[in-house]
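User: I am new to this structure and would love a close look at one part of it. Could you walk me through the nonpolar core and the parts of the chain that build and cover it?

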Amino acid sequence: MGADLGGWMGGGRTVHLAVSGDIDMDTVDGLAALLREALAGEDVAEVVLDLAGAGFCDATGIRELATAYSRASASGIRLRVTNVRPLVRRSLVITGLYGLLVTGDRG
């Protein structure tokens with residue numbers, strides 16, 4: 001199963017991105033490109049990645065989230081994920097990324 005990726009500018013200096021489908025070795029390059037583009041935006045203060053539609057995230061996806069978090073932090077940009085489903089949440093917790101990336105989680 002592939003992933004559908006989408007993004008839009010929110011109010012102020014926030015970029016909102018959404019993922020639908022699995023984040024895995026077949027789809028991670030698209031996610032990486034979307035995150036790079038969002039983090040390179042002019043005057044961006046925050047990037048919010050909505051994972052409500054992501055049912056699975058493998059090690060390549062976790063690695064990309066960690067890389068994007070490091071890139072964002074180095075640039076003074078806040079990266080956070082929202083609406084994390086249980087299977088993805090478990091992977092984020094096990095790797096220690098959950099506490100760094102998640103605020104306002106409804107999942």
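Analyst: Happy to! Let's start from the outside: the protein exposes about 5,500 Å², and carbon and sulfur atoms supply 52% of that area. Please keep in mind that this is a predicted model. Of the 107 residues, 43% count as buried, and those are the ones to follow inward.

A quick map will help. The protein has four helices and four strands, and from the N terminus on they run β-β-α-β-α-β-α-α. The chain also brings distant stretches together: among contacts with a separation of 6 or more, 62% are between residues 24 or more positions apart.

Now to the core itself. The largest nonpolar core has 28 residues, and those with the most contacts inside it are Leu17, Val47, Leu49, Leu51, Val81, Leu92 and Leu101. At least two core residues come from each of β2 (14-21), α1 (28-39), β3 (46-53), α2 (59-74), β4 (78-82) and α3 (86-95). The largest share, five residues, is supplied by α1. As a general background, nonpolar side chains tend to be buried together in soluble globular proteins.

Two of these contributors, β2 and β3, run parallel and are joined by six bridges. If you want a spot to find by eye, look for Ala18, which stands opposite Asp50 in β3. To get from β2 to β3 the chain passes through α1, and this β-α-β crossover is right-handed.

Next, let's zoom in on Leu65, whose place is in helix α2. Leu65 counts as buried because its relative accessibility is 1%, while the cut-off for buried is under 20%. Leaving aside neighbours within four places in sequence, Leu65 is in contact with Leu49, Cys57, Leu79, Leu92, Leu97 and Leu101. Leu65 and Leu31 are 34 residues apart in sequence, yet their C-alpha atoms are 9.1 Å apart in space.

One of those partners, Leu92, deserves its own look. With neighbours within four places again left aside, Leu92 is in contact with Ile62, Leu65, Val81, Val84, Leu97, Tyr98, Leu101 and Val102.

Leu92 also shows how α3 is oriented. Val88, Arg89 and Leu92 are buried in this helix. They lie on the same side of α3 because they cover an arc of only 100° around the axis. On the other side of α3, Pro86, Arg90 and Ile94 are exposed. What covers the buried residues of α3 includes β3, α2, β4 and α4 (98-101). Just after α3 comes Gly96, with a positive phi near 85°.

That brings us to the backbone of two loops. Most residues other than glycine have a negative phi. Asn83, in the loop between β4 and α3, has a positive phi near 55° although Asn83 is a residue other than glycine. Asp43, in the loop between α1 and β3, is not a glycine either and has a positive phi of about 65°.

Are these two loop residues buried or exposed? Asn83 is buried, with a relative accessible area of 14%, whereas Asp43 is exposed, with a relative accessible area of 53%. When you turn the model, try starting at Leu65 in α2, moving to its partner Leu92, and then following α3 round to its exposed residues, including Arg90.

Key: Residues numbered from 1 in each chain as written. Predicted model: local features only at pLDDT ≥ 70, side-chain atom pairs only at ≥ 80, totals over all residues. Heavy atoms only, no water. Core = buried A, V, L, I, M, F, W, Y, C linked by side-chain atoms within 4.5 Å. Buried < 20%, exposed > 50% of the residue type's maximum accessible area, 1.4 Å probe, protein only. Contact = heavy atoms within 4.5 Å. Pairing = 2+ DSSP bridges. Right-handed = clockwise from strand over helix to strand, strands pointing away. Areas by Shrake-Rupley, 256 points an atom, 1.4 Å probe, with all protein chains shown as cover. Arc of directions from axis to C-beta.
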